[in-house]
Amino acid sequence: MGKILVTGGAGYIGSHVVKHLGQSGYEVIVVDNLSNGFKEAVKFGEFIEGDIGDDSVLDEAFKNEIEGVLHFAGSVVVPESVENPLKYYENNTVNSFKLMKKCAEENVKAFIFSSTAGVYGSTDKNIVSEIDPVSPINPYASSKLMSEDMLRDISRASDLRHVVFRYFNVAGAGSCGELGLRGRNATHLMKVCAEAAIKKREYLSIFGTDYDTPDGTGVRDYIHVEDLADIHVLGLKYLLAGGKSELFNCGYSQGFSVKEVIKEFKNVSQNDFLVKEAPRRPGDVGCLIAESSKLKDAFNWKPRFTDISLIVRSAYEWEKKIMQ
Ligand code: UD1
């Protein structure tokens with residue numbers, strides 16, 4: 001059996017998936033440039049420090065027989081992508097192209113790609129399914145959609161089979177207490193709330209209170225990172241068993257508003273931190289919830305963390321831990 005290459009395996013989602021893959025008996029090789037990742041988060045397998053945009057790094061990884069690839073490496077901050085689109089097209093599209101080209105040359109059969117619910121863009125539908133039209137409204141989502149398109153076309157023209165996972169809002173931290181979201185300059189709501197809850201930041205801003213949602217604040221489908229890691233192991237097994245190329249939304253089909261998330265953090269932390277109202281953030285949509293029955297049916301997936309307080313508690317405990 002060949003090895004499994006995980007790009008971005010030292011990052012937030014990648015490191016959880018590497019752990020689940022290792023525990024499931026896969027031999028893993030991680031490539032990560034450590035721009036957002038941390039070497040100590042790689043709990044299994046071989047580690048190669050480098051950028052997948054660098055041919056010599058890919059050559060080194062492919063000295064091994066690679067049976068499957070999970071591609072997490074990329075940039076993920078929506079407002080940054082609006083300010084610096086070239087960074088996103090380079091890190092997310094150009095580098096994905098290089099990796100896919102290498103996979104085609106090396107005859108890799110199974111490829112899992114981390115995409116985003118952002119590809120649906122601003123839609124009238126509150127719950128989106130995989131057959132709904134895509135219409136990204138920020139460069140981050142466009143850069144991911146271009147990679148989805150490349151993968152689809154390459155798979156049609158070769159033996160490569162792929163699974164695209166469109167993540168909704170990934171949050172929470174591993175129950176082992178060793179893995180979670182690190183990094184300075186947090187922009188994601190759950191992270192910002194956790195920092196406010198432990199008094200690492202003085203306040204947080206609600207970006208937009210005039211959306212067409214029940215309380216006027218943005219609604220998202222938050223999925224716990226360990227549920228997402230389970231999904232990737234299921235996806236890999238599926239492809240290695242000969243499954244055909246597929247595209248899946250990854251979420252719980254339930255939405256929580258910014259105000260609801262804040263309330264949950266205040267409950268869990270017993271800290272009534274300061275909250276300010278601010279204008280909408282560029283590139284944001286009002287409401288985005290996954291229709292996820294396709295994933296549940298295909299893999300018999302049973303999510304474990306659909307209770308928002310479990311997600312919030314794990315994010316809060318993690319933040320307390322890394323403060324020490
Ligand atoms: C975005 C993408 C998502 C992607 C994720 C990866 C879109 C529509 N969504 O998530 O697909 O997986 O990035 O990074 O492109 N908020 C505040 N105050 C804050 C921070 C956030 O009010 O300090 C609000 C936002 O306006 C939004 C919600 O909280 O309504 C969630 O924001 P965030 O956690 O940043 O994630 P998305 O932008 O939804």
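Here are some numbered notes on the spaces in this structure and on the ligand it holds.

1. A word before you start: what you are looking at is a predicted model. Keep that in mind as you follow the points below on screen.

2. Let's begin with the ligand. The shell around the ligand has 25 residues, and the closest of them are Val76, Thr116, His188, Arg220 and Asp284. Try picking out these five in the viewer before moving on.

3. Which kinds of residue make up this shell, sorted into nonpolar, polar and charged? The shell around the ligand has 14 nonpolar residues, eight polar ones and three charged ones.

4. Now for some individual contacts. The side chain of His188 has an N or O atom 2.4 Å from an oxygen atom of the ligand. For Asn169, a polar side-chain atom sits 2.9 Å from a ligand oxygen atom. Gly118 takes part through its backbone instead: a polar backbone atom of Gly118 is 3.4 Å from an oxygen atom of the ligand. As for how covered the ligand is, it would expose 750 Å² if taken alone, and the protein buries 95% of that.

5. Where do the shell residues come from? Domain 1 (3-170 + 224-250) and domain 2 (171-220 + 253-323) each provide at least three residues of the shell around the ligand. Looking at single elements, α6 and β9 (203-207) each give at least two residues to this shell. The biggest contribution is that of β9, with three residues.

6. Next, the enclosed space. The structure has one cavity of 30 Å³ or more. The largest cavity holds about 90 Å³ of space. Its lining has 13 residues, and those closest to the cavity centre are Tyr12, Gly172, Leu181, Lys191 and Ala315. Three elements give two or more residues to this lining: β8 (169-171), α6 (189-197) and α10 (308-323). You have met α6 already, as it also supplies residues of the shell around the ligand.

7. What is the make-up of the cavity lining, by nonpolar, polar and charged residues? The lining of the largest cavity has nine nonpolar, two polar and two charged residues.

8. Finally, have a look at the second largest pocket, with about 250 Å³ of space. Among the residues that line this pocket are Val134, Leu145, His162, Val164 and Ser245. The lining also includes Glu148, Asp149, Arg152, Arg166 and Glu246. By class, the pocket lining has five charged, four nonpolar and two polar residues.

9. Which element gives the most to the lining of the second largest pocket? That is α5, with four residues. At least two lining residues come from each of α5 (139-157), β7 (161-167) and β12 (246-250).

How values were computed: Residues numbered from 1 in each chain as written. Predicted model: local features only at pLDDT ≥ 70, side-chain atom pairs only at ≥ 80, totals over all residues. Heavy atoms only, no water. 1 Å grid on protein atoms, 1.4 Å probe; cavity = no way out; pocket = protein on both sides within 12 Å on 5 of 7 lines; lining within 4 Å. Points joined across faces, edges and corners; volume = space filled by probe spheres on them. Nonpolar A, V, L, I, M, F, W, Y, C, P; charged D, E, K, R; others polar. Near = heavy atom within 4 Å. Polar contact = N/O pair within 3.5 Å; in protein donor to acceptor, adjacent residues only side chain to side chain. Areas by Shrake-Rupley, 256 points an atom, 1.4 Å probe, with all protein chains shown as cover. Domains from an automatic or database assignment.
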